[in-house]
Amino acid sequence: MHKTPVSFSSGVDRVQLNGAGEEQLLAAIDRQRLPVHVAIIMDGNGRWATRRSLPRVEGHRAGVGALRETVEACGQLGVRYLTVYAFSTENWERPEQEVGFLMDLLMTVVEQELPRLVDNGVGLRVIGDMSRLPARVRERLTEALKMRPREEKLGLSVALNYGGRAEIARAARLLAHDVVAGKVRLEDIDEAAFSSYLYTAGLPDPDLVIRTGGEHRISNFLLWQLAYSELWITPVYWPDFRRVHLYEAILDYQRRQRRFGRI
Ligand code: IPE
Ligand code: IPE
Ligand code: MG
């Protein structure tokens with residue numbers, strides 16, 4: 001572990017953190033008021049690599065460690081659901097070589113990590129259009145996803161070829177299909193009914209959304225589900241994201257007052 005203290009600006013205080021700070025932050029988290037569902041826009045891999053004069057794909061590779069640590073930390077804390085944005089419907093526009101690398105990396109990571117995750121009570125699902133993934137990736141992912149934990153402690157959703165608008169359009173199409181087939185009456189279409197056609201059917205909406213890499217935007221992530229989520233943005237690039245950052249985000253979340261439009 002590097003010893004350089006990392007500084008965080010949180011609320012009114014500016015706290016200098018080191019190894020001990022991590023434990024203090026952890027101790028300060030109120031376990032009764034954890035966000036039930038945390039969603040993360042894992043951004044900044046390319047810039048992390050470029051800053052080190054490395055090819056962008058090395059940033060993606062380095063991001064795997066951050067994901068491993070985050071999943072572990074969420075599991076230990078008792079966060080019930082974690083959703084991570086791994087590849088967007090717009091990310092196909094990147095150079096073919098980067099897209100290919102990401103696909104292989106995601107597939108390998110799922111295959112290699114899943115047995116251990118399942119043993120630890122992590123249930124994995126993919127949200128997004130898997131039909132557009134390269135056949136080889138799709139087949140191996142589908143096979144790996146059959147592994148289920150005996151009892152799910154943490155529900156991990158990986159957003160892969162995911163786009164919020166595409167998800168909403170797909171839900172509308174599926175719902176319209178059921179209306180035409182006489183399974184759903186027009187007057188029964190409400191927010192809850194519509195939600196049940198989304199990839200996230202059955203999951204609570206995210207309470208806390210973390211975006212690394214410093215951009216202040218949603219980038220087509222969970223457009224429907226984020227209606228009242230709390231946002232926490234850090235300039236830290238995804239490969240540098242550690243437990244302390246997660247704890248800091250949760251503490252900041254716990255200091256906020258959620259109003260949902262009320263006073
Ligand atoms: C996020 O990092 C990972 C994916 C979008 C797949 P980026 O690759 O977007 O990194 P930056 O934002 O260019 O630094
Ligand atoms: C969002 O990051 C998508 C993922 C993290 C997978 P992007 O890098 O694609 O988003 P923009 O282009 O900065 O909005
Ligand atoms: Mg980016």
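This passage looks at the largest pocket of the model and at the two ligands placed in it.

The structure is a predicted model, so local features need pLDDT of at least 70 and side-chain atom pairs count only at pLDDT 80 or more, while totals for chains, interfaces and linings use all residues. Residues are numbered from 1 along each chain as its sequence is written, chains are lettered from A and ligands numbered from 1 in written order, and side-chain values use heavy atoms, with hydrogens and water left out.

The pocket comes first. A pocket here is an open set of points on a 1 Å grid over the protein atoms alone, where a 1.4 Å probe fits and protein lies on both sides within 12 Å along at least five of seven lines; lining residues have an atom within 4 Å of a point. The largest pocket comes out at about 850 Å³, a volume being the space filled by probe spheres set on points joined across faces, edges and corners. Its lining runs to 38 residues, with Met 42, Asn 45, Tyr 85, Ala 86 and Phe 87 nearest the centre. Two or more lining residues each come from helix 2 (45–51), helix 3 (56–77), strand 4 (81–88), helix 4 (96–119) and strand 6 (154–162); these elements are DSSP runs numbered from the N terminus, helices being H or I with at least four residues and strands E with at least two. Helix 4 supplies the largest share, eight residues. By class the lining splits into 20 nonpolar, eight polar and 10 charged residues, where Ala, Val, Leu, Ile, Met, Phe, Trp, Tyr, Cys and Pro count as nonpolar, Asp, Glu, Lys and Arg as charged, and the others, Gly among them, as polar.

On to ligand 1. The space it takes is the largest pocket, given that a molecule sits in a pocket if more than half of its atoms lie within 2 Å of the pocket's grid points. Helix 2, helix 3 and helix 4 each give two or more residues to the shell around ligand 1, and helix 2 gives the most, with three. Of the 13 residues around ligand 1, Asp 43, Gly 46, Arg 47, Arg 56 and Arg 94 come nearest (a residue is near if one of its heavy atoms lies within 4 Å). This shell holds three nonpolar, five polar and five charged residues. Three arginines place a polar side-chain atom by an oxygen atom of ligand 1: Arg 47 at 2.7 Å, Arg 94 at 2.7 Å and Arg 56 at 2.8 Å; a polar contact is a pair of N or O atoms within 3.5 Å. Taken alone, ligand 1 exposes 380 Å², of which the protein buries 87% (Shrake-Rupley areas, 1.4 Å probe).

Ligand 2 takes space in the largest pocket too. Its surroundings include Ile 41, Met 42, Tyr 85, Ala 86, Phe 87 and Arg 211, and strand 4 gives the most to the shell, with three residues. That shell divides into five nonpolar, two polar and four charged residues. Side-chain N or O atoms lie 2.6 Å from a ligand 2 oxygen atom for Ser 219, 2.8 Å for Arg 217 and 3.1 Å for Asp 43. Taken alone, ligand 2 exposes 390 Å², and the protein buries 78% of that. Asp 43 and Arg 94 turn up around both ligands.

Methods. A polar contact is a pair of N or O atoms within 3.5 Å; within protein, one must be able to donate a hydrogen and the other to accept it, and residues adjacent in sequence count only if both atoms are side-chain atoms.
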